[in-house]
Protein chains: 2
Amino acid sequence: VTGAGVLRAEIHGQPEAWRGQLARAGEVGAVAAALAAAPPSLVRIAAHGTSDHAAVYAGYLLRARCGWTVVRDSMSLPLYYGVRAAAPGELAIGISQSGQTPDVAAWLARARQDGATTLAITNGEGSALAAAADHVLAVGVGPERSIAATKTYTGTLAALALLAARAGGGPDGLDATVRGLRRAADAAEAALPALERAVAALAAALAATDRMYLVARGVELATAQEIALKLTEVAYLGAKAMSATAMAHGPVAALEPAVPLWAVAAPDATLPAVAEAVRRAREAGAPVIASGPAAGALEGATWTLATPAAPDPMLAPLLSVLPGQLLALELALAKGLDPGAPRHLRKITSAA
Amino acid sequence: VTGAGVLRAEIHGQPEAWRGQLARAGEVGAVAAALAAAPPSLVRIAAHGTSDHAAVYAGYLLRARCGWTVVRDSMSLPLYYGVRAAAPGELAIGISQSGQTPDVAAWLARARQDGATTLAITNGEGSALAAAADHVLAVGVGPERSIAATKTYTGTLAALALLAARAGGGPDGLDATVRGLRRAADAAEAALPALERAVAALAAALAATDRMYLVARGVELATAQEIALKLTEVAYLGAKAMSATAMAHGPVAALEPAVPLWAVAAPDATLPAVAEAVRRAREAGAPVIASGPAAGALEGATWTLATPAAPDPMLAPLLSVLPGQLLALELALAKGLDPGAPRHLRKITSAA
């Protein structure tokens, strides 16, 4: 199996990986119940890269479902500037697919020393991160063989969704999200073949593209950021994501016919802000890729990669990221790169 | 005066603008004393673009100096998802150079309704944002005529530095920061001519560059993000900033001889992480621009744009951003663009 084949298999294997997680929903529920018994005054999260995009998702999810405010916290403040990492009554969460990221593990250990309750979310059970935590949420999607994270990203979102459902909605909330994830897995499986065909055509059109901007607003901002990273690390694109509203505060100047805008649209009150960014991009002559469950509502898109509406809007990001993962793979192939082995990268990032 | 001339004058006028702010340090001190009398349980900040980079700075500054945790908060959660914006006992800060950014003003008004203490930081006194706030911190650097923000950025940093100094260190702290800003203004004025010459040579070398990555760690992360935005909006570069450690989690794959890395280095415990990112970039064959007060400590840099050591490390970002502002201007000129009037942009961003 080539590197491309491994990555493709991991992308397509995500629905089955989510189903596998449901078998352990009771474990997630027990952690969530313990946390909800003494709701945290503040949630601090430390993570890098793809795991940091899961933290962006957590910021929307935990606030909307549990009323918990999330800070994507600075690791530098405690590790380099001598500031306390956290305080009693707070929940500190470290997210790392391998569980081996040194500064995330060091930060979580510091937060525990400072009296916070600590939670590790990782696909690496028995890792340094897990050892530093009071509670461990095992993502449990099995070993990820590609360097670019795909199933560990959506698996982390699924674990967070289960956690928030139980912490904010009790056992009934957990049951509803288990059903929602099952339906999301079915919807993803049904949608993947057509998405893959659409993305292959788009990759051919974008083979000479070297820059792209991505926008979203609300919870799909996590999706835009994660797609930007996949396109960067797998297809070497200069891709940058931002809030649809922030685009007007400068970056719109960089749009032009050779620099597309990718807009991830949700069918909710955030849609007008995303539609306005698309309008501005069209004025600038930039081609527009519309994706997400409300892709069809964006007028003037050059390409549309709609993803199924999720049974629960907070589960939509598991589906919305799929076309971005696929495009990173196909665009790398269109450029003659090996999407399974991006240059200069290691699977476990050991740099402090 | 051409657009380039206006932008150049505003960049060079920053030291004098900071001195002008010191005449009103007493007003800032009074606001800070009022806030410190009932320290906030949490600080929430909403801002876009350049103002959001000032919020990144505030996250380090207010935690290090006052022990206050800062969330760069989601505006979407209250404005689109119906979640409460804030709670009593919290401090909500809206930052906008014009004070006219609609969603920042709407968010601050919502936070006030929800019982938080509210603070507007703006160069637009009498603006919608100021009207929505309990307290106003007037940046007071005079009208900014260029579309790209320069003196309102460093002026906002200076106002924040005075606020944190008084809130965390009392009247003596305020006096020390007044003296520190005066010395920073002198140091900036002394350094600008040589920086301008070095940047002009660099701009000629980079005229064909269309992508760049920027890294820093700790408080200079605000600088890296702001330089990336200046290069994007004025010189249409695909520039993206990230933590030096996050670079190894994916984006390092996009580095190559045509894609430089700009590293902003501070002379503190964050330096090894930045040096490691530079080492990885050199391995990838990417040219390296080293800047910041510890630029000289980064081995293997292709170009070095050192800025003076600040009297107080928390004031260094006012100086560190100068070469980025200058490069945006010179690179636009080298590319035949008008740096005073970036395409598609408006000075006051009205998009919701």
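Is Asp73(B) buried or exposed? In this predicted model, Asp73(B) has a relative accessible area of 10% and is therefore classed as buried, the cut-off being under 20%. The residue is placed in the loop that runs between β2 (70-72) and α5 (76-81) of chain B. Its surroundings draw on both chains: apart from residues up to four places away in sequence, Asp73(B) touches Arg63(A) as well as Arg44(B), Ile45(B), Ala85(B) and Trp107(B). With Arg63(A), the contact includes a polar one between the two side chains, at 3.1 Å.

Two cysteines were also examined for burial. Cys66(A) has a relative accessibility of 16% and so counts as buried. For Cys66(B) the value is 18%, and this residue likewise counts as buried. Over all chains, the structure holds 0 disulfides; no pair of cysteine sulfur atoms therefore lies within 2.5 Å.

Helix α10 of chain B spans residues 271-283, 13 residues in total. The distance from its first C-alpha to its last is 18 Å, close to the 18 Å expected at 1.5 Å a residue. The buried residues of α10(B) are Leu271(B), Ala273(B), Val274(B), Ala277(B), Val278(B), Arg280(B) and Ala281(B). An α-helix has 3.6 residues a turn, so residues three or four places apart point the same way. The packing partners of the buried residues come from both chains: α5 (76-81) belongs to chain A, whereas β6 (211-216), β8 (261-264) and β9 (288-292) belong to chain B. After α10(B) comes Gly285(B), which has a positive phi, near 80°.

At the level of the whole chain, chain A comprises 12 helices and 10 strands. Its radius of gyration is 19 Å, which agrees with the value near 20 Å that a compact globule of 352 residues would have. Along the principal axes, the C-alpha atoms of chain A fill a box of roughly 55 × 45 × 40 Å. Of the 352 residues in chain A, 65% are buried. Among contacts in chain A with a separation of 6 or more, 75% are between residues 24 or more positions apart. The area exposed by chain A is about 10600 Å², of which 53% is supplied by carbon and sulfur atoms.

Definitions and conventions. Residues numbered from 1 in each chain as written. Chains lettered and ligands numbered in written order. Predicted model: local features only at pLDDT ≥ 70, side-chain atom pairs only at ≥ 80, totals over all residues. Heavy atoms only, no water. Buried < 20%, exposed > 50% of the residue type's maximum accessible area, 1.4 Å probe, protein only. Helix = DSSP H or I, 4+ residues; strand = E, 2+ residues; numbered from the N terminus. Expected span 1.5 Å × (residues − 1). Contact = heavy atoms within 4.5 Å. Polar contact = N/O pair within 3.5 Å; in protein donor to acceptor, adjacent residues only side chain to side chain. Rg over C-alpha atoms; globule rule 2.2 N^0.38 Å. Areas by Shrake-Rupley, 256 points an atom, 1.4 Å probe, with all protein chains shown as cover.
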